[in-house]
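Hi,

Here is the model I promised to pass on. Have a look at it first, and my notes follow underneath.

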Amino acid sequence: MTGFERGLRTAKGLLLPVFTAALLSGCVVGPDYRTPLMVVPATWSDRTGTKPAKPAELSKWWLKLRDPELNALVEEAVAGNLDVATAKAKIREARASYRQSAGALAPSLDGSASATRNKSAATTSGSNSVYSEYQAGFDASWELDLFGANHRAVEAARYGLDASQEELRSTLLTLVGDVTSNYVQARGYQTRIALARRSAASQRQTAELTRTMALAGTATAADVAKAMGQASSTEADVPSLEASYAEAVHRLSVLTGRPPATLVGRLKRPTQIPTPRLPIPTGIPADILLTRPDVRMAERQYAQYTARVGQAEAARYPSVSLTGDISTAALKLGDLGKNSTIGWSFGPTLSVPLFNAGQLLAAVDVAKAQRDQYFIAYKSAVLTALEDVENTTVSLSQERIRNGKLASSAKSYGDAARLERTLYKAGETSLLDVLDAERSAYSADDTLLQSRVSIATDYIALNKALGGGWDGTIDSTSPEVVDVGAGPRLASSTQ
C-alpha cells in the first residue's frame, strides 16, 4: 500500500463518523410555514335559491365565443408572446437558483496540481541546487448547517420556483384575456364602421331626395344643406373608428409576438361580433384560492419569505465547517502517489457570532417585516379577486338587461326612421322630423353594437376574474438565446 493510499484511508476513517454525526444532529430555527386560513363568503352576492353552485367551466373558455379565428390567435399568442417568454425565462432562473441553493447542502471537493522549477543557493559552500517539484492533492469542505440556514435557503428557493410557475400562469391568463378582448373590440369596430357607412349612405339618399324636392319647389336650399350636413357628420365617425380598429389589430399582432401590421390583411374581412353563451357558472368564492394564479403566486411568495426568516435567524447561531486536504509531493512526476511525501489535514472549524452591533438581529427583523408585507399582499390578492368576480358578475348581468332594452329601442327607432322617410316622400312630414329620426336610429344601432361588445368584454373579464387561462402544456426548458461555441477558445476582438 502506498503512502497516498494510506493517507486517503485515514482521512476517510476520520471523515465518515463526523459526517454521520453531523447529519443526525442537524436542526432548523425560525418559523415553519403553514398555509394561511382565509375567511371568504360562502356564496357570491348574486346567488339566489337553494341549488348548489355549479363549478366554473374555465378550461378553454374562449371556445364558447365560437370564433375559429380567435381560437387560432390565442394559440399563436401563447407560442409567440414576449411576456410569456420572459415568464418562462424566470422559471429557468428560479430552477437554477434552487439547484444552486441545494448544492450548498453537499460537501465541496477541489483538486489541485502544480509543477515548479526551483533553485536554491547554499550559504556556505556556494553551490547551487536546481530541481523540479511536483504536487497534487484534494481539498474538501462541508458546512454542517447545524441550525438549518442552508435548508431554509433551499426551502425559500423551492417556494420561489413555485411562485415563478404561478407567474407564468398569471401571464397566460392576462394574455388570453387581452387577445380575446382586442379581437372582440376589433370586430366591434368593423361592425360599427359598416353601420356608419350604411347610415351615411341612407342619409345621403335623404339629402338627394331633398335636393329633388327643392328643385320642385317643395323644399328649400336650407333643407338640402341640413340633410347633407347630417350625412357628413355620420361619415365623420368612420375615420376615428378606423383608427381605433387599427390600434386593436396592431395590439393583437404585438400580443402574438409579431410586428404591428402583421394581421392587417388577415383580419380585413369583417365578421360578426363574437357572442358568448350565457349565463356561465361561477362556482363558490373559495374556488378562487385555487384557480386564480395571482392569488396562488402571492401565497407562494409569502411562504418563500417565511423561510427567509428562518434563514436570517440561523445566522445568529454558531456554524461548524469541516475542512480537510490530502496532498502529495515528489521530485519526479512518476513518484507522485508512490515514493512521495504524503500530507493530510482534517478538522472542524467553529464560528460563533460574538459581537456585531445588532446587525444579525436587525436582519431577522428585516426578514420578518418582509414576510408581513407578503402576507398582507396575499390577503389583498384574495380580496381583489373576490372584488373582480363580484364586479364583473354585476356588470355582465346588468349589461344583458341593458342590451335587451337597447335592442327594443333600436328596433323602434329604425321603424320610426323608415316611416318618417315614407311620409316625407309623400309630403306629409317635415325634413327635420326625418333627420331627427335618422339620427336617432343610427345612434340607437351604434349603441346596441357597443353593448354587444360590452357583453363579450364582460364575459372575458368574468372568466379572467375566476382564474380562467391557458391550461395546456408550456415548455419552459428551452432558452431563448442558444450560445454556440461557448467553450474554451482563442480570444478574438469584438466590436
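Right after helix H10 comes glycine 467, and its phi is positive, near 105°. H10 itself covers residues 431-466. With 36 residues at 1.5 Å a residue, H10 should span 52 Å, and its end C-alpha atoms are indeed 52 Å apart, so the expected and modelled lengths agree. Keep in mind throughout that this is a predicted model.

On to the other backbone oddities. Most residues other than glycine have a negative phi, and most peptide bonds are trans. Two non-glycine residues to look at here are lysine 60 and alanine 357. Lysine 60 has a positive phi of about 50° and is found in the loop between H1 and H2. Its relative accessible area is 37%, so lysine 60 is partly exposed. Alanine 357 has a phi near 55°, also a positive value, and lies in the loop between strand S4 (341-351) and H9. With 58% relative accessibility, above the 50% cut-off, alanine 357 counts as exposed.

Then there is the peptide bond between leucine 278 and proline 279: cis, with omega at about -5°. Proline 279 lies in the loop between helix H6 (237-255) and helix H7 (288-291).

What does that stretch touch? Arginine 400 is one place to look: it touches Leu278 and Pro279, and also Ile455, not counting residues up to four places away in sequence. So both partners of the cis bond are on the contact list of arginine 400. Arginine 400 and proline 279 are 121 residues apart along the chain, yet their C-alpha atoms are separated by 10.0 Å. Arginine 400 sits in helix H9, and with a relative accessible area of 38% it is partly exposed.

H9 also turns up in two helix pairs that I looked at.

H4 with H9: H4 takes in residues 149-215 and H9 residues 359-425. Their axes come within 11 Å and cross at roughly 15°. That angle is under 35 degrees, so H4 is roughly parallel to H9. The crossing of H4 past H9 is left-handed. On the H4 side, the residues that meet H9 are Ser202, Thr206, Leu209, Thr210 and Met213, and on the H9 side they are Arg421, Tyr424 and Lys425. By type, the residues of this contact divide into 3 nonpolar, 3 polar and 2 charged.

H8 with H9: here the axes come within 8 Å and cross at roughly 170°. That angle is over 145 degrees, so H8 is roughly antiparallel to H9. H8 passes H9 in a left-handed crossing too. The residues of the contact of H8 with H9 divide into 16 nonpolar, 3 polar and 6 charged.

Which residues does glutamine 304 touch? Leaving out residues up to four places away in sequence, glutamine 304 touches Ala156, Tyr159 and Gly160. Glutamine 304 is found in helix H8, which runs over residues 293-314. Is it buried or exposed? At 11% relative accessibility, glutamine 304 counts as buried, since the cut-off is under 20%.

Serine 101 is another one to click on. It is found in helix H3 (residues 82-103) and touches Ala153, Val154 and Ala157, again not counting residues up to four places away in sequence. Serine 101 has a relative accessible area of 19%, so it still falls under the 20% cut-off and is buried.

Last one: alanine 42. It is placed in the loop between helix H1 (3-25) and helix H2 (68-80), the loop where lysine 60 is also found. Alanine 42 is exposed, with a relative accessible area of 62%. Even so, alanine 42 touches Ile284 and Pro285, with residues up to four places away in sequence left out. Alanine 42 and glutamate 57 are 15 residues apart in sequence, and 19 Å apart in space, C-alpha to C-alpha.

That's what I have for now.

Cheers

Definitions and conventions. Residues numbered from 1 in each chain as written. Predicted model: local features only at pLDDT ≥ 70, side-chain atom pairs only at ≥ 80, totals over all residues. Heavy atoms only, no water. Axes fitted to C-alpha atoms, helices over the stretch in contact; angles between N-to-C directions. Helix = DSSP H or I, 4+ residues; strand = E, 2+ residues; numbered from the N terminus. Parallel < 35°, antiparallel > 145°, perpendicular 65-115°, else oblique. Left-handed = near helix turned anticlockwise from the far one by under 90°. Contact = heavy atoms within 4.5 Å. Nonpolar A, V, L, I, M, F, W, Y, C, P; charged D, E, K, R; others polar. Buried < 20%, exposed > 50% of the residue type's maximum accessible area, 1.4 Å probe, protein only. Expected span 1.5 Å × (residues − 1).
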